[in-house]
Amino acid sequence: MIKNILFGLLATVALFSASAQVHDLSCEHLTNPLGIDAANPRLSWQTSSPQSSWQIIVGTDSVSVAHGQGNAWSSARQTGGQQLAIYSGQSLKPFTKYFWLINSWNTKGQLSKSRVATFETGMMTQSNWKGAWITDTRDIKRKPAAYFRKTFSTGTQINGAQTSGAQTSGTHIRSARAYIAAAGLYELYINGKKVGDHVLDPMYTRFDRRNLYVTYDVTNLINNGPNALGVLLGNGWYNLQSTAVWYFDKAPWRARPSFCMDLRITYDDGHTETISSNEDWKTALSPIVFNSIYTAEHYDARKELPGWNTTNYNDSAWKGVEYTPTPSQNIVAEAMVPIKHEERIPAIAVQKFSDTDYVFDLGRNIAGVSQIQLQGPKGTIVKLKHGERLYANGHVDQSNIDVHYRPTDDTDPFQVDIYTLKGGEPESFMARFGYKGFQYIEVTSSQPIQLDKNSLVGFFMHSDVKPVGTIETSDRVVNKIWWATNNSYLSNLFGYPTDCPQREKNGWTGDAQIAVETGLYNFDAITVYEKWLADLRDEQQPNGVLPSIVPTDGWGYEWGNGPDWTSAIAVIPWQVYLFYGDSKILKDSYENIKRYVDHIHQLYPEGLCSWGLGDWVPVKSKASVELTSTAYYYADVNILAKAAKLFNKQEDYKTYSQLAENIKTAFNKKYLNEGTGIYNTGIQTEQSVPLFWGLAPENLKGKIAAVLAQRVIADGTKLDVGLLGTKAILNALSENGYADLAYKLASSRKLPSWGWWIINGATTLYENWPIDAASDISRNHIMFGEIGAWFYKGLGGIFPDPAAPGFKHIILKPNVVEGLDHFSATHESPYGWIKSAWKREGKKVHFTVTIPPGSTATLEIKLPSQTIKQELSEGTKDFVL
């Protein structure tokens, strides 16, 4: 009877058009990308109704492609609902724009064509670079950032060689592309205008092993006639002049920033010319007198050179450049979303202590920069001190974030921008080559200045990942927890996942693997993870060992790099595969995972691994390090076995499946009391980790989960976990019959809890449960961020199916919990939007489920008297229980 009501009476299917509308075409998971190097790029798309077959057309002529003719690839018509394909046509040529479309047939055989999309190749190989690497000096201690400039006239160079006389005929510009790689950071200018809206390019890598270049379409910036190119270089992590405990000032790659650039211009008659970085460029020092991505930026406006990047500037006083060695022999395209100024945040309040001391409050904690508008006498020195909290007297307190800084003098104060006024007209300053973590900015000046609330704004910066998930509930605090979790995730995404945006900015592997599901449920972050996994592969030693932070100057190979942290090499590729159905990141990392697992097996042949940091920053009870590290070791081996099966590596599949079983046996033999269901001492982390990672015997899961629930209740229905425990505990409860109890922990306002932070003013997640803890007290940390994923899993019940990844098949197990009146989760999968929502209506519950076109789902709802299970196809279903 219930089943009939559930899927009969109120079931409604969303209406779709009769033929499939094809949309959201992407190449390498980017929209119309420029400058890709992939020889066989991945092409993906979505449809508005189920697809039965498909065809891809690729060519260099847009009109021909639109008419179904591709001179690069016209695939055969392929049967199936697949919406991700690998380019398999003719060899792609460098510097070439390709047009492509999808023909998609629905289940009725009706054809829909997508709009024509594009992708454009870049260098493709190292040998295609014409430019040289140039710098201004070899002195790594020189503090001012350098300007570089070159003027040229269009039509006077062909393929890099000067042509004599006036411009040649047919020199109308068809297109222009700038390709620039830098060791350090850069801003590129053409004819006085900044190119693009990216910041902090290129992304941070292990510079002596891999460098990234960026491609820009600059067609509209190039004049027919004289032109000026300008480049401003910043230190970034390449030449860190600040000193902290990780020794980045002693990095093996360290050198003065340099760059290599090709400006490739194509004319209407088909000929090209390339303007390259070489000895013809000139250089001078800029008004950025100091810049550190770790601390701050100092700017002396009196040293400005107006018009330095324009054609009519007199550069006779500038000096010649120096050639410098290529930082690595691996210069590849930055095929990922850039970092941007994503949100402008006005100050909500300002406290004026005097005409020389003001404190601004943004009202929320962010990663980014501040921008100040001010006016004052020439030579006035203004300091902008950024911090997350205030002293009782209202001044900015940095004591929670400067603890690892080791300054050698007082010239580089932590998170303090310094601006020297040129005087006269109103002035504006914003740091270019760094970012900070802050809510408050204290502005002090050497002479009186007048400021008000409108004088300063903040800019929230992060990798430009598209939101793909939403959570909305009847509990205001829960909604804020989700929002704060996303704020911390984004605050720690700068081309690589970090732990905090102020004290460290390090790519801690543990924080990243803990938060990966939170990231993927909420944001389209695949390109960031693919880049960062390449960083991990670059850092891996021949014996398989990985460092605890990536990228690294060498720090972290000796501390904190056990499997509980460095499992990122396996966990992240596996999760990306599950969410996207794209196995490339897993395939690229396969041998690295294997070397990593083999090394641990060599160290711990009996299967129990004691290498690791353990349950970092616990509330009070400290779990066995061997228990948690062995669980992660097991997870890595299990992922490796699954990957071996996926890639048809049968011997590896047998070997690592058996190794996983051996680890599981040894683990349970030592730690599990089968009679009581207690693991080791039975504390929350020790009970939940084996359940979450699949080590608990199937026939004993109920008993083990019951012990966990009893322990949580005995602990006052409060958390007693650290970093590893927070990943496991909510999932272990909700997936084993205790969703109500999990929700009580997730929504608690008591210390320790996420809600405790929120009701005490948090807008991001913290590093420690007590707000007044003596150490580990960053106020913008992602390490306790698993809760952001749990909302989708534990309440919405949205899971990818490993047997049909990318949400081709969806597992739906929503939990209606006490304390909530309504709940809604949505996630945009590769096939479209998934929705799982429920709302209490008296004694009944109204469910709404949406399955995207081309996907199916298994819905399972556990009731007190029975379990409802049903297979669903695409569309929206409403039902009442």
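**Exercise 1. In this predicted model, find the residue of β21 that is the bridge partner of F148.**

Solution. Start with the two strands: β11 covers residues 146-153 and β21 covers residues 282-285. They pair in the antiparallel sense, over four bridges. Now look across from F148 into β21, and you arrive at T283.

Next, widen the view to the sheet around this pair. It is an open sheet of six strands, in the order β16-β15-β18-β11-β21-β24, with antiparallel pairing. At its edges stand β16 (193-194) and β24 (319-320); each has a single partner strand, so one side of each lacks a neighbour in the sheet.

**Exercise 2. Work out which strands stand at the edges of the sheet that contains β44, β45 and β46.**

Solution. First write down the strand order, which is β38-β44-β45-β46-β49. These five strands form an open sheet, and their pairing is antiparallel. The edge positions belong to β38 (469-473) and β49 (875-880), each of which has a single partner strand, so one side of each is left without a neighbour in the sheet. Neighbouring strands here are turned by 5 degrees against each other on average, direction ignored.

Then step inside the sheet. Strand β45 (residues 832-841) runs antiparallel to β46 (residues 844-851), and seven bridges join the two. As one reference point, K839 has H846 in β46 as its bridge partner.

**Exercise 3. Decide which residues of β9 point the same way, and whether they are buried or exposed.**

Solution. Strand β9 spans residues 117-120. Sort its side chains by direction: A117 and F119 point one way, while T118 and E120 point the other way. Then check burial, and you find that all of them are buried. For the pairing, turn to β7 (residues 97-106), which meets β9 in the antiparallel sense over four bridges. Across from A117 in β9 stands W100.

**Exercise 4. Describe how α4 and α16 pack.**

Solution. Two numbers are needed, since packed helices are described by the angle between their axes and the distance between the axes. For α4 (residues 509-522) and α16 (residues 787-795), the angle is about 65 degrees and the axes lie 7 Å apart. Add the handedness: α4 passes α16 in a left-handed crossing. Finally, name the residues that meet: E517, T518, Y521 and N522 from α4, and G788, A789, Y792 and K793 from α16.

**Exercise 5. Explain why α14 counts as largely enclosed by the rest of the structure.**

Solution. Take the helix, residues 739-747, and apply the cut-off for buried, under 20% relative accessible area. Seven of its nine residues are buried, so α14 is largely enclosed by the rest of the structure. The buried set is A739, L741, A742, Y743, L745, A746 and S747. To see what surrounds them, follow their packing against α3 (476-491), α12 (701-714), α13 (723-734), α15 (754-759) and α16.

**Exercise 6. Find how many disulfides the structure has, and look at the burial of C27 and C260.**

Solution. A search of the whole structure gives zero disulfides. C27 is buried at a relative accessible area of 0%, and C260 is buried at 2%.

**Exercise 7. Identify where pLDDT stays under 50.**

Solution. Begin with the whole chain: its mean pLDDT is 95, and 96% of its residues reach 70 or more. Then pick out residues 1-20, where pLDDT stays under 50 and the model has 47 contacts beyond four places in sequence. Residues 158-169 also stay under 50, with 21 such contacts.

Notes
Residues numbered from 1 in each chain as written. Predicted model: local features only at pLDDT ≥ 70, side-chain atom pairs only at ≥ 80, totals over all residues. Heavy atoms only, no water. pLDDT = per-residue confidence, 0-100. Contact = heavy atoms within 4.5 Å. Pairing = 2+ DSSP bridges. Axes fitted to C-alpha atoms, helices over the stretch in contact; angles between N-to-C directions. Disulfide = S-S within 2.5 Å. Buried < 20%, exposed > 50% of the residue type's maximum accessible area, 1.4 Å probe, protein only. Left-handed = near helix turned anticlockwise from the far one by under 90°.
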